[in-house]
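Student: Could we go through this one together? I'd like to know what stands behind each label.
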Amino acid sequence: MYKELEGIIEREDKRGKTFRYVDEKNINDEDLKWADAYMSFYPVENFAFHQMKWVHSLGAGVDRYVKLDSWKDDVILTRTVCSFGARMSEYCLSYMLSELQYHVAFQKAQREKKWEPLEPVLLSSQKVVIYGTGEIGQSIAEMLKRFGVQVTGVSRSGKSNQHFHQVVATGDEASHVKQADWIINTLPLTPETNRMFNAEWMNILQGAYFINVGRGATVDTVSLIEAINTRRIKKAFLDVFEVEPLPQSDMLWEHENIVITPHISAVTTPKEAVACFFDTLDRIEADKPLENKVDLNRGY
Ligand code: NAP
């Protein structure tokens, strides 16, 4: 989106900084040597820190940056935080209501001109387990709680949070997962969360829906398909994949109980990206605390 960023920054910014706007494919070593700061969705293949002091991710997920070898102690990594929580909440709510109101069944009945009543299920009867109680998990929990949904959070620390009825630490969630109607994954990709949703975990489930808006590699897709085929998972809604775009040959495309969206549950808009970038820049220059600073040891 470098052209859109250029349009907004050159039109609106009065800070007097100098920018180079370059397609990731064309960033060369001279650009990297010239820059004090780097902003992109990911580090380019030839990325090198040189004199850089600040790296800013246009997305909320930073796994590709964290993987870089040898971060220098004096380089800050920040990430974009904007309307992601609201967008993810609406994404999840849309699929939850669609299932509970039997949209697909009624469309099919209409095509066949059949009058076949089904009783819609109330959101307030649902139990949801959200993996990740950070920016995004909290927004989803806050929205669902307003509809009377019973919301349990799972996090690394298990620290309680006002938007969840309860939060448990990973390893202690089995009884909640077992009873859940919906599982929503908002976890970042780290060595600990890689393939966290594997066959052993899926064996706990008893017919829940699964929504993945975190990262694709947190899920073992072979086990996921097996869990759907054996009805441990009723249906999966997947917005993120280990390889993106999802290759045409991937078997996930054709499964009738898998819904695929192309990583759109929380898009970064150029306007919001610029606002977050400048807010972060102003805070760095004023030596103010940075809520969007990434802890490189934790990896998120
Ligand atoms: P965040 O504020 O950093 O929150 C991360 C949460 O994950 C925290 O609650 C953390 O636990 C928990 N966590 C980390 N490692 C864990 C582990 N091993 N076990 C259990 N919990 C663990 O991040 P966020 O802003 O909510 O974003 C989350 C992720 O969403 C991003 O990293 C990105 O991958 C994804 N995302 C996807 C899209 C999309 O379009 N699909 C858009 C934006 C973001 P603690 O609270 O204990 O630290």
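Tutor: Sure, we'll take the ligand, then a pocket, then two backbone oddities.

Tutor: This is a predicted model, where local features need pLDDT of at least 70, side-chain atom pairs count only at pLDDT 80 or more, and totals for chains, interfaces and linings use all residues. Residues are numbered from 1 along each chain as its sequence is written, and side-chain values use heavy atoms, with hydrogens and water left out.

Student: What makes R79 one of the closest residues around the ligand, and what polar contact does R79 have?

Tutor: A residue is near a molecule if one of its heavy atoms lies within 4 Å of it. By that rule 29 residues surround the ligand, with R79, T133, I136, S157 and Y300 the closest. A polar contact is a pair of N or O atoms within 3.5 Å. A side-chain N or O atom of R79 sits 2.9 Å from a ligand oxygen, so that pair is a polar contact.

Student: Which backbone distances do G134 and I136 show to an oxygen atom of the ligand?

Tutor: For G134, a backbone N or O atom is 3.2 Å from a ligand oxygen; for I136, the distance is 2.9 Å. The protein buries 92% of the 950 Å² that the ligand exposes when taken alone (Shrake-Rupley accessible area, 1.4 Å probe).

Student: Which domains supply the shell around the ligand?

Tutor: Domain 1 (2-82 + 268-285) and domain 2 (84-260) each give at least three residues; the bounds come from an automatic or database domain assignment.

Student: Why is the bond from E244 to P245 worth flagging?

Tutor: Its omega is near -5°, and the bond is cis. Most peptide bonds are trans. P245 falls in the loop between β9 (233-238) and β10 (258-260) (strands are DSSP E runs of at least two residues).

Student: And what makes Y102 stand out?

Tutor: Y102 is not a glycine, yet its phi is positive, near 55°. Most residues other than glycine have a negative phi.

Terms used
A polar contact is a pair of N or O atoms within 3.5 Å; within protein, one must be able to donate a hydrogen and the other to accept it, and residues adjacent in sequence count only if both atoms are side-chain atoms. Helices (H or I, at least four residues) and strands (E, at least two) are DSSP runs, numbered from the N terminus.
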